[in-house]
Amino acid sequence: MAFPKKRRHDRSEQDSEYFQCYSDITVHEEMLSDTVRTYAYKVAISRNQSALLDKTVLDVGAGTGILSVFCAQAGASKVYAVEASAVSQLACDVVKENGMEGKIEVITSAVENVEIPGKVDAIVSEWMGYGLMYESMLSSVLYARDRWLKPGGLIFPSTADIFIAPVNDTVVESRLDFWSDVKDMYGVDMTCVQSFARKCIMSQDLAVCSVYPENVLSHPVRFASLNLTSATQEDIGNITGSFQFHCFGSSLMHGFVIWFSVTFPGENGVSLTTSPYGEETHWKQTVLYLDEEVQVQQDTEINGEIKMSPSEKNPRHLCVTLSYSIGSDVRRTRNFQMGNGAV
């Protein structure tokens with residue numbers, strides 16, 4: 001039997017799907033409920049009040065418009081709130097509700113297609129996706145920077161760092177142990193199902209979940225840094241780094257956890273982190289599972305390399321290649337994805 005080839009979406013269709021998901025109020029409710037995220041932007045913008053006073057700002061991917069309102073409240077004379085999805089109408093309502101019609105102009109368009117008169121003094125955008133790079137919205141921010149930002153202009157946030165660490169996942173451990181416990185529960189030995197369960201749970205999909213400090217097995221390593229004032233499209237299309245760890249003690253290792261931090265401009269720069277050591281955000285953390293758990297001991301050495309890049313099928317999806325060694329016995333290369341068939 002011959003199976004039909006999967007249809008390859010073109011970029012305009014991929015963008016349409018992406019923007020459509022942001023027309024769902026649930027997405028914006030989740031983001032605004034994330035007080036760590038939203039207050040970080042509010043405080044960072046207010047601390048730059050003197051730099052924004054009577055200035056022009058471009059909000060890339062404005063959503064419901066709250067960041068644009070923050071900028072206007074900080075004294076910006078003009079804010080272009082660019083939003084490609086239908087939620088732009090809600091942004092218009094929010095602008096009107098807050099009496100900002102004279103300062104904020106909502107533009108329903110992708111930033112790559114918009115026309116703005118003249119240069120801007122600052123760009124604000126909440127572009128970060130899971131694992132930082134999922135959704136690839138950063139490319140739109142860099143496009144806007146190159147086209148409209150004045151020399152020396154501000155970008156909110158201005159830098160981003162990505163971290164990695166080995167991790168023990170107690171939830172996975174419990175789920176795998178469950179199949180060994182079935183016999184005690186029901187008198188039927190189902191230990192043989194455990195290997196299938198392992199393949200399903202510890203898959204090659206990037207998992208978004210909460211990781212806690214006690215599950216991190218070594219000091220983390222920052223494997224990549226981005227400066228948004230100088231980063232290029234090539235830089236963000238091929239993020240690579242290396243890592244080396246020495247484990248704290250004896251534990252089962254189930255994978256690696258990655259998270260990110262961003263920093264805003266200003267002398268008293270505000271940072272927003274998705275670290276398991278900080279307050280939880282809606283991004284949580286992203287876990288890359290091994291194909292099977294590995295026992296590590298005090299000072300077990302783990303090293304390797306990681307590469308993050310957009311999917312060839314859909315650049316808004318994320319692909320990660322991880323090459324690693326654990327001690328002297330385990331050496332693997334594993335490919336991960338985030339998005340529907342992202343490879």
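## Talking through a predicted model

Mentor: Let us begin at the surface of this predicted model, where F178, M185, Y186 and V188 together make up a nonpolar patch with about 410 Å² of accessible area.

Trainee: Where does F178 sit, then?

Mentor: F178 belongs to helix α8, which covers residues 170-186, and with a relative accessibility of 35% F178 counts as partly exposed.

Trainee: Before going further, what is the mean pLDDT of the chain?

Mentor: The mean pLDDT of the protein chain is 91, and 92% of its residues reach 70 or more.

Trainee: And where does pLDDT stay under 50?

Mentor: One such stretch is residues 1-10, for which the model has 6 contacts beyond four places in sequence, and another is residues 15-19, with 9 contacts counted in that way. Where pLDDT is low, the predicted coordinates should not be read in detail.

Trainee: OK, on to the inside. How many residues are in the largest nonpolar core?

Mentor: The largest nonpolar core has 102 residues, and those with the most contacts inside it are L58, I164, F243 and F256. Strand β10, residues 251-263, gives the most to this core, with 7 residues.

Trainee: Which residues does L58 touch?

Mentor: Not counting residues up to four places away in sequence, L58 touches ten that can be listed in full: Y80, V82, V111, I116, V120, A122, I123, V124, A144 and W148. Two of these, A144 and W148, are also among the buried residues of α7.

Trainee: Is α7 largely enclosed or open, and why?

Mentor: Helix α7 is largely enclosed by the rest of the structure, because 8 of its 11 residues are buried. Those buried residues are L138, S139, S140, V141, L142, A144, R145 and W148.

Trainee: What covers them?

Mentor: The cover for the buried residues of α7 includes β1, β4, β5, β8 (221-227) and α10 (233-237).

Trainee: Switching to the backbone, which peptide bond is cis?

Mentor: The bond from F156 to P157 is cis, with omega near -5 degrees, and P157 lies in the loop between β5 (149-156) and β6 (159-167). Most residues other than glycine have a negative phi, and most peptide bonds are trans.

Trainee: Which residues other than glycine have a positive phi, then?

Mentor: Among them are D54, with phi near 60 degrees, and L132, with phi of about 75 degrees. D54 is found in the loop between α4 (49-52) and β1 (56-60), while L132 is in the loop between β4 (120-124) and α7 (138-148).

Trainee: Are those two buried or exposed?

Mentor: D54 counts as exposed, at 57% relative accessibility, whereas L132 is buried, with a relative accessible area of 1%.

Trainee: I clicked on S309 too. What is it in contact with?

Mentor: Leaving aside neighbours within four places in sequence, S309 is in contact with G237, H317, L318 and C319. S309 is part of strand β13, residues 301-310, and is buried, with a relative accessible area of 16%.

Trainee: Last one: where is T273, and what does it touch?

Mentor: T273 is in strand β11, residues 271-273, and counts as partly exposed at 28% relative accessibility. Beyond four places in sequence, T273 touches W259, F260, S261, E279 and T281. As for W259, it is 14 residues from T273 along the chain, and the C-alpha atoms of the two are separated by 7.9 Å.

Definitions and conventions: Residues are numbered from 1 along each chain as its sequence is written. This is a predicted model: local features need pLDDT of at least 70, side-chain atom pairs count only at pLDDT 80 or more; totals for chains, interfaces and linings use all residues. Side-chain values use heavy atoms; hydrogens and water are left out. Patches are made of residues with over 30% relative accessible area and no salt bridge: like charges are joined within 9 Å, nonpolar side chains (Val, Leu, Ile, Met, Phe, Trp, Tyr) within 5 Å. Accessible areas come from the Shrake-Rupley method with a 1.4 Å probe; for residues, only the protein chains shown count as cover. A salt bridge is a side-chain nitrogen of Lys or Arg within 4 Å of a carboxyl oxygen of Asp or Glu. Helices (H or I, at least four residues) and strands (E, at least two) are DSSP runs, numbered from the N terminus. Buried means under 20% relative accessible area, exposed over 50%, partly exposed in between (1.4 Å probe, protein chains only). pLDDT is the predictor's confidence in each residue, from 0 to 100. Contact means heavy atoms within 4.5 Å. A nonpolar core is a set of buried Ala, Val, Leu, Ile, Met, Phe, Trp, Tyr and Cys residues joined through side-chain atoms within 4.5 Å.
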